[in-house]
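Here are a few questions a newcomer might ask, each answered by checking a value against its rule.

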Amino acid sequence: MSDRPFLQIQQISKSFALGKARIDAVRAVSMTIAEGETFGLVGESGSGKSTLGRLAIGLMKPDAGSVRASGVDLVTASPAKLREMRKSLQIVFQDAQSALNGRVSVASNIMEPLVIHNQGTPSERLRRIGGLLERVGLTAAHGPAMPDELSGGQLQRVMIARALALGPKLLVCDEILSALDLSVQAQVLSLLEDLRLTEHLAYLFISHNLSAVSYLSQVIGVMYLGELVEWAPTKSLLEKPGHPYTKALFDSILDVPESKAARKPLTILPGDIPSVIDRPKGCPFHTRCPLTMDICRTVPPQLVQVGEHHHAACHAIHAAG
Amino acid sequence: MSTVLKIEDLAVSFPSTDKRIFAVNGLSLEVERGEWLGVVGESGSGKSVSLLACLQLLTGDAHIDRGRAWFEGKDLLRVKRKAMRTILGRKIGMVFQNLANGLDPAMRIGAQVMEPMLAHALCNKPEARRRALSLLAELGLSDPERQFERYPFELSGGMRQRVMIAVALAAEPELLIADEPTTALDTTVQVQVLSVLQAACRKRQMTVIMVTHDLGVATNVCDRVVVMYGGQVMENAEIDAFIQRSVHPYTQGLKGSMIPITGSSGTLQQIQGSAAIFHQVPVGCPFAARCPHAFERCQTERPKLVRLGAEHEAACHLVDQECANVG
Ligand SMILES: Nc1ncnc2c1ncn2[C@@H]1O[C@H](COP(=O)(O)OP(=O)(O)OP(=O)(O)O)[C@@H](O)[C@H]1O
Ligand SMILES: Nc1ncnc2c1ncn2[C@@H]1O[C@H](COP(=O)(O)OP(=O)(O)OP(=O)(O)O)[C@@H](O)[C@H]1O
Ligand code: SF4
Ligand code: SF4
Ligand SMILES: [Mg+2]
Ligand SMILES: [Mg+2]
């Protein structure tokens, strides 16, 4: 694994109009993804993960801040340059069924990006596709099949094959496991890890599934109401979560206990997640945090380094450290 | 203990799809009074279809090929629609898988929670209002008075799920059938909702059937687990037996695919392939095509449930043979 940064995000923000109000989907987020590294992104529904994923590969422009891939600023890049960069920045979504064109074969679907970017002759493309299908654990025989003849897990593999067609450096995976069974999730995770090791691919892996994220990622980022509240190497985050929300999030995973008697009580965080429209002042987590102090209600905590490569935004840590 | 619901040899198919689908293929299970039963299995294993069939809630072209579903001395599959209306919501409460299906988007929250009490003439309106408010508070909905006047779209997913549970519990049913009640929720909210659901059901000594594909959820809240595949029971075990002594290759496959929270990659065990759709009634073991231990007999003969302990049974020829060898 190299530590060469591939993607550098600096203070990006993005808001959307919601009726007369504006909601801050992403607020002043900074982060780095190294070459060949998996950055896992977790957080509750609506916390801004998908928006950040789209901003990261230039599918959407931020209101402020910069996004650099291989040193090129995607925000100020010319359309031609951005198009060139897009080859190395790909995304796979949850809903493979609707992301694929159902009227043409699996092979044509995978070929589409090659055609759009004018890559290779038709016969070279065909050969490429055979290789890609095998790369994701399918066979050349799946090429002529129509998408509706494949299972959910196979479709997700086809999506990954299509995203790999242009030889990307970074793949954003947005909830690609959600629609898959446990057994098939395990198959897809193994494939992603294998691709990372052999092709030196980096991932921004967005998922509700905390186990999958911790299994796959070298670094994990935690979002809450549009902010990146903690960001650290996986081991450090699991062993010493700095932010109370991170702790609550990982405590809420229900593991299989050793016996009925050994069940842990269902840990509870009070209250529901605030609506993005009524964003709490100060720390966004103060309405549910067990450690809330006076300062938390008025002053937003800054993201600061709390350990080696470990960053968190919480007054309690700052006070303690 | 007495049996609340007893399903016998249920078979359900969908004839009019271009290839007939055999969704439930001889399912038998029972749930005892006060028990919390988990039903687990991959997508398409027939969990929802079999329970919906028992409640006469299957829509479209579903066909019940055979079976019985005994509840209070009546076979629910053969009860008249009108009689069914006095059972649904009153004796059996339901929380559905799909969040959107459960609540009426055009009706205020309060009215929806009061509705089962008024429809079944359990009390007058002011009393229904009082009970609804206290139920919502019990289920952890903050500021119930204010939420009472709101519409479902104004609530978060976790709040909506609390309201759906309130609707299901409003008429104090004996049996609650909850189909993936927390699947669509974020982890911290899932734990909150499970916790209030558990407390509310315990207090009322209710019997619960909970469908889930999450073994973490099942093993943390259920007293017993039934594992389904191909519309049949693969294994049925009291929770400690399920956790410590499950024997069925499919159960072991499901357990092996759980991703451990280790923070470091190791090899994941996987079940080969993905859950099958059955266009013919499975002749042998429905899991045979994916089972690493399958042998000849598995292709031709359907394994029967073999008793392995007081509260543990499994349907697998391998287990059957081992038992025969030992005994
Ligand atoms: N195109 C858009 N227009 C308006 N609002 C949007 C748009 N995209 C996202 N939002 C809002 O921005 C916020 C963040 O959304 P986002 O989809 O990034 O969250 P998420 O963390 O991916 O959630 P989930 O886990 O549910 O996918 C939400 O409140 C959402 O409603
Ligand atoms: N309306 C329908 N028409 C045709 N086939 C159906 C219909 N509803 C369900 N099926 C089929 O019946 C089988 C069992 O489906 P069921 O919904 O019971 O699965 P499940 O175990 O609840 O899965 P999930 O975990 O995805 O909810 C599947 O093969 C499904 O495709
Ligand atoms: S800043 Fe305060 S409210 Fe926010 S997480 Fe830290 S202690 Fe809790
Ligand atoms: S009966 Fe045969 S195919 Fe089925 S689970 Fe047992 S060994 Fe596997
Ligand atoms: Mg999203
Ligand atoms: Mg279902």
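Q: How many residue pairs are in polar contact between chain A and chain B?
A: In this predicted model, the count is 13 residue pairs. On the side of chain A that touches chain B, α7(A) gives the largest share, with 9 residues. That side divides into 19 nonpolar, 15 polar and 9 charged residues.

Q: What makes Asp223(B) and Lys260(A) a salt bridge?
A: The cut-off is 4 Å from a side-chain nitrogen of Lys or Arg to a carboxyl oxygen of Asp or Glu. Here the N to O distance is 2.8 Å, so the pair passes the rule. The rule finds 1 salt bridge across this interface.

Q: Why is the pair of Tyr224(A) and Tyr245(A) called tilted?
A: Rings pair if their centres lie within 6.5 Å, and planes that are neither under 30 degrees nor over 60 apart count as tilted. These centres are 4.6 Å apart and the planes stand at 55 degrees, so tilted it is.

Q: What makes this pair a tie between separate parts of chain A?
A: Tyr224(A) lies in strand β9 and Tyr245(A) in helix α10, so the pair ties together parts that are 21 residues apart in sequence.

Q: How do you know whether Tyr224(A) is buried or exposed?
A: Buried means under 20% relative accessible area. Tyr224(A) has 2%, so the residue is buried. Tyr245(A), at 0%, counts as buried too.

Q: What makes Tyr229(B) and Tyr250(B) a tilted pair?
A: Their rings are 4.7 Å apart centre to centre, with 50 degrees between the planes, and that angle falls between the 30 and 60 degree limits.

How values were computed. Residues numbered from 1 in each chain as written. Chains lettered and ligands numbered in written order. Predicted model: local features only at pLDDT ≥ 70, side-chain atom pairs only at ≥ 80, totals over all residues. Heavy atoms only, no water. Polar contact = N/O pair within 3.5 Å; in protein donor to acceptor, adjacent residues only side chain to side chain. Helix = DSSP H or I, 4+ residues; strand = E, 2+ residues; numbered from the N terminus. Nonpolar A, V, L, I, M, F, W, Y, C, P; charged D, E, K, R; others polar. Phe/Tyr/Trp six-rings, centres within 6.5 Å; stacked < 30°, edge-to-face > 60°. Buried < 20%, exposed > 50% of the residue type's maximum accessible area, 1.4 Å probe, protein only.
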